[in-house]
Amino acid sequence: MKTIIFGLSIVLLVGCSMRDTVNIEEMTTTQAYDLSDKDGDGVIEARERCNDTAKGAATDNFGCGQIKSINERKEINILFPNNSAFIAPEYYPQIEEVALFLRQYPTTKVTIEGHTSRTGSDERNTELSQERANAVTAVLAERFNIDRSRLTAIGYGSSRPIVLEQTPEAEIRNRRVVAEVTGDDTATDMKWTIYSVDDNK
């Protein structure tokens, strides 16, 4: 009896194993998820939520670029003649840098701050600083085609000196214009790579 039961067990095992055998060449496997990384940001398509991430941007786990608010202050080193708001053409390239930045981020706005030295009356300095700020916004609008609705000019007179000494050299430095760019536009936060230094050449 034991021999018969043992024999039947062998037959059943052999039959089951023969029935479960599959030729691997006949099998086809369908990938359930897209594991490619089409935009090269290090996040697979199955997880990707932002397909237009800028190349080299720092991203979160879903491939969306991390952003930083724009709030830039740039001093425009225009040497104004004493008691004058005249801008020599040699200073236009500095103003053009501001224009290029504004074009790059089209919803930003810029405030041009005019400043004077501490020579002369407060009333005249306030008026003169406003004229200098107006002169820069005029160049941005008329020469570099920046919409005037994006430009604000404020004259601070001599109330905000950057050099406190009352020397001729200090007064030259205090006669200046500052561009402050702000807005609801955003800049992509770029991640550092071993090639970053070369990119900034």
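A salt bridge here is a side-chain nitrogen of Lys or Arg within 4 Å of a carboxyl oxygen of Asp or Glu. Keep in mind that the model you're looking at is predicted.

**Exercise 1. Work out what links the side chains of Glu127 and Arg124, and where the two sit in their helix.**

Step 1: Check the distance. The N-to-O distance between Glu127 and Arg124 is 3.4 Å, and their side chains meet in a salt bridge.
Step 2: Look at the spacing. Both residues belong to helix α3, and at 3 residues apart they are separated by about one helical turn.
Step 3: Check exposure. Glu127 is partly exposed at 44% relative accessibility, and Arg124 is partly exposed too, at 26%.

**Exercise 2. Find the partner of Glu97 and say which parts of the chain the pair ties together.**

Step 1: The partner is Lys74, with the closest N and O atoms 3.1 Å apart.
Step 2: Glu97 lies in helix α2 (residues 92-104) and Lys74 in strand β1 (residues 67-76), so this salt bridge connects parts 23 residues apart in sequence.
Step 3: Glu97 has a relative accessible area of 44%, so call it partly exposed. Lys74, at 33%, also counts as partly exposed.

**Exercise 3. Classify the pair Arg148 and Glu142, then name the residues that salt bridges join into one network.**

Step 1: Arg148 and Glu142 form a salt bridge through their side chains, 3.0 Å from N to O.
Step 2: Arg148 is partly exposed at 46%, whereas Glu142 is exposed at 60%.
Step 3: The network, built from salt bridges that share partners, takes in Arg124, Glu127 and Glu131.

**Exercise 4. Classify the structure's 1 aromatic pair.**

Step 1: The rings belong to Phe101 and Tyr105, with centres 5.1 Å apart and planes at 55 degrees.
Step 2: Stacked needs planes under 30 degrees apart and edge-to-face needs over 60. At 55 degrees, the Phe101 and Tyr105 pair is therefore tilted.
Step 3: Now exposure: Phe101 is partly exposed at 24% relative accessibility, while Tyr105 is buried at 14%.

**Exercise 5. Trace how strand β2 fits in with its surroundings.**

Step 1: Of the 7 residues in β2 (residues 108-114), 5 are buried, so the strand is largely enclosed by the rest of the structure.
Step 2: β2 runs parallel to strand β3 (residues 151-155), and 5 bridges join the two. Opposite Ala153 in β3 you'll find Ile112.
Step 3: Add helix α3 (residues 122-142), and β2, α3 and β3 make a right-handed β-α-β unit.

Definitions and conventions: Residues are numbered from 1 along each chain as its sequence is written. This is a predicted model: local features need pLDDT of at least 70, side-chain atom pairs count only at pLDDT 80 or more; totals for chains, interfaces and linings use all residues. Side-chain values use heavy atoms; hydrogens and water are left out. Rings of Phe, Tyr and Trp (its six-membered ring) pair if their centres lie within 6.5 Å; planes under 30 degrees apart count as stacked, over 60 as edge-to-face and the rest as tilted. Buried means under 20% relative accessible area, exposed over 50%, partly exposed in between (1.4 Å probe, protein chains only). Helices (H or I, at least four residues) and strands (E, at least two) are DSSP runs, numbered from the N terminus. Two strands pair if DSSP finds at least two bridges between them. A crossover is right-handed if, with the strands pointing away from the viewer, the path from the first strand over the helix to the second runs clockwise.
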